[in-house]
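Trainee: I'm new to this one and would like a close look at a single part. Could you take me through a strand pairing, and then show me what sits around it in the rest of the chain?

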Amino acid sequence: MKRIKAMSKKKKIITTVISLALVLVIAATAILLHGGKSSKQSYSFIRTTTLQKGTLEDSISATGTVSSAKTSKVTTELTYTVKSISVSVGDKVRKGATLITLDTDELEKQIEKEESNLAKQLSSAQTQYNSALKSYNTAKSKLSSNATELKSAKSDYNSAKTPYNNAVASLKSYQSAYDSALTAYNNAGAKYNTALAAYNKAVTNYKSGKISAAKLQKSAKAYMTAVQNYLGGCAVGTVDISDSSSSSGVSTSSSSTANAAGGQNNSANSMSAGTQTTSSSSVKVSKTATDICKEVVSKVYTLTGKTLSVPSGTNTLSKLAAKAQALRNTKAACNYDSLQSAYETAKSAYEQAQTTYEQYENELSQAETQLSQAKTELENASTSDNLDELKSQRDECQLKAEQDGTVTAISATVGSACNMEAAATIQDLDSLQVDITIKEADINNAKIGQACHITDDASSETLDGKLTQIDPTSNEGSFGATVTITSESTDIHVGMNASVDIIVSSSEDVYQVPIDAVGDDNGTSFVYRKISGEGTDMEFEKINVTTGESNDYYIEISSDELAEGDVVRSNADLSEGVETVSSGSSDSSNSGGLLAGLFGGGGGNMPQGGGSPPDMGGSSNSGSSSGGDMPSPPSGGMGGGNNG
């Protein structure tokens, strides 16, 4: 961790300088009190540092154990006996290499049995599939053949439909007139029957005296009107009312007056474009309407003595016969019957072809479904989950390396069941790391990716590394962490203890001096630079500096007055290294200079504004250190010699 200058100076002053300064203060006070005694300081040592630009690093120190960054365990859940072991501890292996082979004799028997069962299932499924495929192809062929027939039948149907529809169109007005006449005839027939029943009832009632002659006459007249409407205009004989000349007649007749019209409610179906149903009929007239009316007039005259006149009517039967004849003539003229027959035949053939095609479509759909099911069963019969599991186990009986590396442990033994957690261990000894712990006080300064320096007790080399992992939780006051070694080395091995410096900050190409070399003068930092002399006779001048980054032992300084190769005092406390203080006659001004010299103030022989420190004599056990190879951290002791 970094130390601020005040902490470092406090440490030094407390351990060394203050006690010595108190002695000197007492001595200086005694000199002042005795007035005018001279004094001289003597140094036993002076430590110096030679300025040289280098790199100043602040780091976190930690210790740990070297391990492989890539380690894999060769494991298995199988409990088969170990048949052979192909490697020994220390062997280098490649990923995928077989290390241990398990005994698979019993497993092979199970696989053979399962394969036999699967072959039988597959054969049966193949037979079913072949049968389904044959049925599918047959249905597909039949549908394809019928499709041609359907196409031909549809063409014939369309060819017959066009002239037939044209004929229907030409007959439309004749058919409409016939249909209207047929409707009028049927209505007249119904009214005829009603009027006949009413007339017969009136005759009976008149004879029994229930009604008057006038009512009988009225009923008789209504009946004659109905007769005229129904049969008027038709002579005795057969009346053809069919709408087709080729139809055979169906006749009915009656010889009685009550139903003299005969053949009531005869009808023919109307015609519409595209369809035609022909109904043939004829009416056999036994008595004309005139004859029937004469009989009614005679009967009423006989009963009542009253004479009735014969009314006229609409003659629906004769009109219907005329319309039927006109329709028959027009049909004959346009060859309607022949066109109709051809149309009906083509239509029937087309409808039959459609029905057959739909039947074959359904057969093909069913065959396709059966084929799909057979295919699925065949595919399922081609695989077996149980067989796959057995083969997978057989593959797993070859215990293989999961990475490149060196075999560092083998726990399996030939002839014993291999059901342990790790039958063998493989480590990549070319990819190493150090597992360390970082104290809670330092954890906030540690960051993933920080550069690291690694050393171990067995080698003097320093390796490079990188902080690659920090545990998220503390364990008894520290955090686990991993430093990946990025340098190549043959001197560091798995299991070694190693020291790690995690570089928190780094300043390059800077002057760095021991923290104690920097003094403070009312907030202004300074160092003492050598200007002359050697050993304990060196003289220094005060140089103001700007401080920068620091670590536990060194601090960065800069000044336009400093240059590489300058020698600076390693401790700004001038009392460091003082050996003796002798008294003599001196005035108060000299005594004041002594005090100032002791505590870095002005006056006397001490450096002031570029002056030199007092000549205190002493041995020449002084030395300096270069910026590239910094001295060991100061311990606060008073040793002499080349303490840099």
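Mentor: Let's start with Ile-85, whose bridge partner in E7 is Ile-100. Keep in mind as we go that this is a predicted model. The pair belongs to a longer contact: E5 and strand E7 (residues 98-102) are joined by three bridges and run antiparallel. Step back a little and you get an open sheet of three strands, ordered E5-E7-E10, with antiparallel pairing. At its edges are strand E5 (82-85) and strand E10 (398-400), each of which pairs on one side only. On average, neighbouring strands in this sheet are turned by 25° against each other, direction ignored.

There's another open sheet worth a look, this one with four strands in the order E4-E12-E11-E6, and its pairing is antiparallel too. Here the edge strands are strand E4 (71-74) and strand E6 (92-93), each pairing on one side only. Zoom in on E6 and you'll find two bridges joining it to strand E11 (residues 405-410), with the two strands running antiparallel. For a residue to click on, try Val-93, whose bridge partner in E11 is Gly-405.

Now for some context. The chain has 644 residues, and buried ones make up 40% of them. Its secondary structure comes to eight helices and 24 strands. If you take contacts between residues at least 6 apart in sequence, 79% of them join residues at least 24 apart.

Next, follow the chain into helix H2, which covers residues 105-207. H2 has 103 residues, yet its end C-alpha atoms are only 126 Å apart, while a straight helix would reach 153 Å at 1.5 Å a residue. Look along H2 for a bend and you'll find one of about 50° at Lys-172. After H2 comes Gly-209, with a positive phi near 80°.

H2 also takes us to the charged pairs. Side chains of opposite charge can pair when their charged atoms come close. A search of the whole structure turns up 12 salt bridges. One of them is between Lys-142 and Glu-363, with the closest N and O atoms 3.5 Å apart. Lys-142 sits in helix H2 and Glu-363 in helix H6 (residues 336-381), so this pair ties together parts that are 221 residues apart in sequence. Lys-142 is partly exposed, at 33% relative accessible area, and Glu-363 is partly exposed as well, at 26%.

Another salt bridge brings a strand and a helix together. The side chains of Arg-328 and Asp-240 meet at 3.7 Å, N to O. Arg-328 is in helix H5 (residues 316-333) and Asp-240 in strand E8 (residues 237-240), so the pair links parts that are 88 residues apart in sequence. On the helix side, Arg-328 is buried, with a relative accessible area of 6%. On the strand side, Asp-240 counts as partly exposed, at 35% relative accessibility.

Further along, Lys-530 forms a salt bridge with Glu-534, and their closest N and O atoms are 2.9 Å apart. Lys-530 counts as partly exposed at 23% relative accessibility, whereas Glu-534 is exposed, with a relative accessible area of 56%. There's a network to find too: salt bridges link Arg-529, Glu-541 and Asp-566.

Last stop, the loops. Asn-315 has a positive phi, near 55°, and it's a residue other than glycine. You'll find Asn-315 in the loop between helix H4 (289-304) and H5, and at 22% relative accessibility it counts as partly exposed. H5 is the helix that carries Arg-328, so you can use that residue to get your bearings. Then there's Asn-522, again a residue other than glycine with a positive phi, near 55°. The place to look for Asn-522 is the loop between strand E18 (519-521) and strand E19 (524-532). Asn-522 is exposed, with a relative accessible area of 77%.

Technical notes: Residues are numbered from 1 along each chain as its sequence is written. This is a predicted model: local features need pLDDT of at least 70, side-chain atom pairs count only at pLDDT 80 or more; totals for chains, interfaces and linings use all residues. Side-chain values use heavy atoms; hydrogens and water are left out. The expected span of a helix is 1.5 Å times one less than its number of residues. The bend at a residue is the angle between axes fitted to the seven residues ending there and the seven starting there. A salt bridge is a side-chain nitrogen of Lys or Arg within 4 Å of a carboxyl oxygen of Asp or Glu. Buried means under 20% relative accessible area, exposed over 50%, partly exposed in between (1.4 Å probe, protein chains only). Two strands pair if DSSP finds at least two bridges between them. Axes are lines fitted to C-alpha atoms, for helices over the stretch in contact, and angles run from 0 to 180 degrees between N-to-C directions. Contact means heavy atoms within 4.5 Å.
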